[in-house]
Structures are given as C-alpha cells and as structure tokens.
Amino acid sequence: NKTTYVLFGGAASGGKSWLGCEYLLVQCIRYPDVKCFMAREKLKTIKQSTLLTFFKVARVHGLKKDVDFFYHQQESYIDFPNGSRIDILELKFNPSDPLFEDLGSLEYTFGWIEEAGEIDSRAFDTIKTRIGRWNNDKYQIHPKMLITCNPKKNWLYTEFYKPWKDKRLPENCAFIQSFVDDNVFNEVNYRKQLEDIKDPINRQRLLMGDWEYDSEQGTLM
C-alpha cells in the first residue's frame with residue numbers, strides 16, 4: 001500500500017506482457033466498476049501484439065470473448081459485465097500536444113504501460129497523474145501503475161534502474177529485474193534465437209537484460 005510505480009524490466013520474453021494482462025484482467029473481475037488502461041506508444045502495435053496476449057490470458061482463465069468480456073475495436077476499450085473497463089491508449093508523441101494534455105481529463109483506478117522504453121518521459125509524467133481517481137477510495141485500492149520494458153537508457157534508467165542500483169529508489173517506486181530464464185513457459189528454442197543476435201548492444205539488452213549496455217560503439221570502458 002505504499003508502492004505506486006512498479007517497473008518490471010530486463011531481457012526479452014521474461015513474461016512482462018503476460019503479467020500486465022493478468023494484472024488488469026484479474027483486478028477488473030475482482031472489483032466492479034473500476035477503470036484502468038493498457039498503453040503503448042502506438043495503438044496499432046498494441047492491437048497487433050499486446051491485445052492478442054490479453055485474449056490468450058483470458059482463455060487460460062476460461063473466459064470467453066463476448067460473454068465474460070467485450071472488446072470494442074473501434075472505440076479501443078474492453079469492458080466487463082460488472083461495469084469494469086480497460087481503455088487501450090496510444091502514448092505517441094504529438095508535436096501539436098508536447099505536454100500530452102489530451103490525457104489530462106482521463107480518470108483511472110490503475111494502469112499499465114507496455115514497452116515503456118518507446119514512450120516520451122512527458123507521457124509518463126502526465127499519465128501517472130491519472131491513476132487513483134476512479135473508485136480507489138471505495139475499494140481501498142492504492143493507486144498502482146505497472147511499467148514493463150526492455151533496458152533503455154532514458155527516463156527508465158534515470159528514474160528507476162540507477163536509483164535502485166544506488167539503493168536510493170523512492171519508497172513509492174519498485175524495480176524488478178527480468179531475465180529470459182525466469183519465464184519457464186518460453187518456447188524451447190527461444191533462448192537460442194536471442195543468443196544468435198549479432199549486434200552487441202541488442203544482445204546485452206535482450207539476452208542478458210543488462211541496463212548498463214554500451215550505447216556508443218567507441219566506448220573503451
């Protein structure tokens with residue numbers, strides 16, 4: 001009840017997307033009339049990948065589309081018979097709205113940012129003010145945002161990983177390191193595919209889950 005922002009990040013295929021879908025699905029079924037979001041830089045990408053994982057997670061739980069939940073493709077949201085709802089949001093940077101003010105009127109109970117390394121820090125600064133505003137007091141739900149990603153030397157590194165490494169991460173934040181071998185449900189040959197990555201930086205990021213990867217090829221140390 002004191003952690004608001006949870007960053008789960010590291011190697012590829014550590015189970016990050018599954019965790020995000022599981023989190024939203026279970027909470028929406030557990031609590032009637034809550035409102036949350038799954039967000040990514042591009043709406044098209046989230047519909048082509050993350051949403052498919054959501055449907056798979058639902059099937060594992062024995063939930064049927066158009067019976068236990070309803071997907072509204074045109075309006076980009078999922079709702080449940082108990083009144084709960086998941087909005088599917090695009091957090092792409094728009095030069096005409098550099099401060100992401102179009103997110104300012106939204107109200108959510110909790111949320112999830114997928115592949116957070118793709119988005120601008122200002123998108124995070126704005127969307128994080130939108131949670132904790134919809135029936136949180138009614139159910140005594142602490143505002144919570146899950147953030148999933150691969151290592152990226154941007155705001156994720158400076159706001160989460162580096163403070164965690166230096167043991168000065170704020171009390172309302174948490175960092176969970178993700179490794180590919182943590183996920184026992186990976187396809188048998190998937191690790192071998194990651195081992196075949198030739199680019200040294202991508203190999204460090206996606207195979208090793210290394211946040212201290214060399215970002216410049218001329219770096220000596």
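With which residue does Asp-125 form a salt bridge? In this predicted model, the partner of Asp-125 is Lys-128, and the legends below take up this pair again after the cores and helix 1.

**View 1. The largest nonpolar core and the elements that build it.** This core has 28 residues, of which Phe-37, Ile-113, Phe-124, Met-145 and Ile-147 touch the most other members. Two or more residues each come from strand 1 (5-10), strand 2 (35-40), helix 3 (121-127), strand 7 (144-149), helix 5 (155-165) and strand 8 (173-178), and among these contributors helix 5 gives the most, with 5 residues. Another core lies apart from this one and has 27 residues, including Val-6, Phe-8, Tyr-31 and Phe-110. In soluble globular proteins, nonpolar side chains tend to be buried together.

**View 2. The surroundings of Phe-37.** When residues up to four places away in sequence are left aside, Phe-37 touches Leu-24, Ile-86, Asp-87, Leu-89, Tyr-108, Phe-110, Gly-111, Trp-112, Ile-113, Ile-127, Ile-131 and Met-145. Two of these neighbours, Ile-113 and Met-145, are listed with Phe-37 itself among the residues that touch the most other members of the largest core.

**View 3. Helix 1, its span and its buried residues.** Helix 1 covers residues 16-30, and because 15 residues at 1.5 Å a residue should span 21 Å, the 21 Å between its end C-alpha atoms agrees with expectation. The buried residues of this helix are Lys-16, Gly-20, Cys-21, Leu-24, Leu-25, Gln-27 and Cys-28, and Leu-24 is also one of the residues touched by Phe-37.

**View 4. A salt bridge between distant parts of the chain.** Arg-40 pairs with Glu-118, their closest N and O atoms being 3.5 Å apart. Arg-40 belongs to strand 2, whereas Glu-118 sits in the loop between strand 6 (110-113) and helix 3, 78 residues apart. Arg-40 counts as buried because its relative accessibility is 9%, under the 20% limit, while Glu-118, with a relative accessible area of 35%, is partly exposed.

**View 5. Further salt bridges.** The structure holds 9 salt bridges. One of them joins Asp-120 to Arg-122, with the closest N and O atoms 3.0 Å apart; Asp-120 is partly exposed at 23% relative accessible area, and Arg-122 is partly exposed at 34%. In the pair of Asp-125 and Lys-128, the closest N and O atoms are 3.4 Å apart, and the two residues count as partly exposed, Asp-125 at 37% relative accessibility and Lys-128 at 25%. Elsewhere, Lys-162, Asp-166 and Arg-168 are linked in a network of salt bridges.

Methods: Residues are numbered from 1 along each chain as its sequence is written. This is a predicted model: local features need pLDDT of at least 70, side-chain atom pairs count only at pLDDT 80 or more; totals for chains, interfaces and linings use all residues. Side-chain values use heavy atoms; hydrogens and water are left out. A nonpolar core is a set of buried Ala, Val, Leu, Ile, Met, Phe, Trp, Tyr and Cys residues joined through side-chain atoms within 4.5 Å. Buried means under 20% relative accessible area, exposed over 50%, partly exposed in between (1.4 Å probe, protein chains only). Helices (H or I, at least four residues) and strands (E, at least two) are DSSP runs, numbered from the N terminus. Contact means heavy atoms within 4.5 Å. The expected span of a helix is 1.5 Å times one less than its number of residues. A salt bridge is a side-chain nitrogen of Lys or Arg within 4 Å of a carboxyl oxygen of Asp or Glu.
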